[in-house]
Amino acid sequence: MSFKKFLTFIFLLNLFFRPDAKAQLSIIQDLSDTYVNKLIDTAKKNYPRVRSYQNRINIANSNISKTKAGLLNAFTVSYIYQPGVNNTIDPVNPTTSYFKGFQAGIFLNIGALVSQPSLIKQAREELTIAHNDQDEYFITLTTEVKKRYYMYIQRGAEVKLQTRSTLETESALKDAKYRFQKGELTFEDYNKMQIQYTEHQQTKIQAEANLFTAKADLEELLGTKLENIK
């Protein structure tokens, strides 16, 4: 039997006798909208940049309060207190009188009073911008969490696929070894099978590394381990 025919035989053997042979590998059944929403909520709570956007909103709110309080700067209250009862006249400048007792006055800065409403409006606009920036980032963060979650699921499916292929090749290698020892298979064909098995092992290791990388990328946004999110 030639090497190509031998591989075909092994393939057909696995195709017809494996219980799940007719089921195609898919990631659809592994996806969960509920779990994705939990991941998104976790990212919104833990990712540092989210807190930065909230800090900007807090600062904008504080600026509104500060600007409103600035209305008081348009008014100045002053007072003078001199003890005594009788009024006195300055002998050098007789037209100037000095009053004894308590004197108070209120001064109005028209320029500050007129400009204050526009400053309040500007502060409110800055608060709106801060909210808009946060909303925009939530959209970006939501999309990125979904992308990394889907990539994580894809990498997990690849590991399953490569693990299955490696086990099948391992089974074929054992059969090839048995046939080689009986003299039914040449050393060249047996060596090809060994090389194929090694390649499948390397591919499986790479798939596992890709899975760990995808998991780390997703956890970067979550601020916690996937295992902590149920």
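Tyr150 is located in helix α4, which spans residues 110-181 of this predicted model. With a relative accessibility of 34%, Tyr150 is classed as partly exposed, because this value lies between the 20% limit for buried residues and the 50% limit for exposed ones. Together with Ile28 and Leu31, Tyr150 makes a nonpolar patch on the surface, with an area of about 270 Å².

Helix α4 also takes part in the nonpolar interior. The largest nonpolar core comprises 18 residues, and Leu39, Leu141, Val145, Leu218 and Leu222 are those with the most contacts inside it. At least two residues of this core come from each of α2 (33-46), α3 (48-69), α4 and α5 (187-222). The most is given by α4, which supplies six residues. Apart from this core lies another one, made of seven residues, including Leu173, Leu185, Tyr190 and Met193.

Two residues of the largest core may be described in terms of their contacts. Leu141 belongs to helix α4 and has a relative accessible area of 3%; Leu141 is therefore buried, since the limit is under 20%. When residues up to four places away in sequence are not counted, Leu141 touches Ala43, Lys44, Tyr47, Val50 and Leu221. One of these partners, Lys44, is separated from Leu141 by 97 residues in sequence, while the C-alpha to C-alpha separation in space is 7.9 Å. For Leu218, with residues up to four places away in sequence again left out, the contacts are Leu39, Val145, Arg148, Tyr149 and Leu226. Among these contacts, Leu39 and Val145 are also listed with Leu218 among the core residues with the most contacts.

Salt bridges were searched for over the whole structure, and ten were found. Arg148, a contact of Leu218, forms one of them with Glu144, with 2.9 Å between the closest N and O atoms. Arg148 and Glu144 are about one helical turn apart, because they are four residues apart in helix α4. Glu144 has a relative accessible area of 28% and is partly exposed.

A further salt bridge in helix α4 joins the side chains of Arg155 and Glu158, at an N to O distance of 3.0 Å. Here the spacing is three residues, so the two are again separated by about one helical turn. Both partners count as partly exposed: the relative accessibility is 24% for Glu158 and 23% for Arg155.

The side chains of Glu219 and Lys225 also meet in a salt bridge, with an N to O distance of 3.8 Å, which falls within the 4 Å cut-off. The two partners fall into separate accessibility classes. Glu219 counts as buried at 12% relative accessibility, whereas Lys225 counts as partly exposed at 47%. Through salt bridges that share partners, Glu219 and Lys225 are joined with Lys215 and Glu227 in one network.

Helix α4 thus recurs in several of these descriptions. The helix contains Tyr150, which contributes to the nonpolar surface patch, and the buried residue Leu141. The salt-bridge pairs Arg148 and Glu144 and Glu158 and Arg155 lie in helix α4 as well.

How values were computed. Residues are numbered from 1 along each chain as its sequence is written. This is a predicted model: local features need pLDDT of at least 70, side-chain atom pairs count only at pLDDT 80 or more; totals for chains, interfaces and linings use all residues. Side-chain values use heavy atoms; hydrogens and water are left out. Patches are made of residues with over 30% relative accessible area and no salt bridge: like charges are joined within 9 Å, nonpolar side chains (Val, Leu, Ile, Met, Phe, Trp, Tyr) within 5 Å. Accessible areas come from the Shrake-Rupley method with a 1.4 Å probe; for residues, only the protein chains shown count as cover. Buried means under 20% relative accessible area, exposed over 50%, partly exposed in between (1.4 Å probe, protein chains only). A nonpolar core is a set of buried Ala, Val, Leu, Ile, Met, Phe, Trp, Tyr and Cys residues joined through side-chain atoms within 4.5 Å. Contact means heavy atoms within 4.5 Å.
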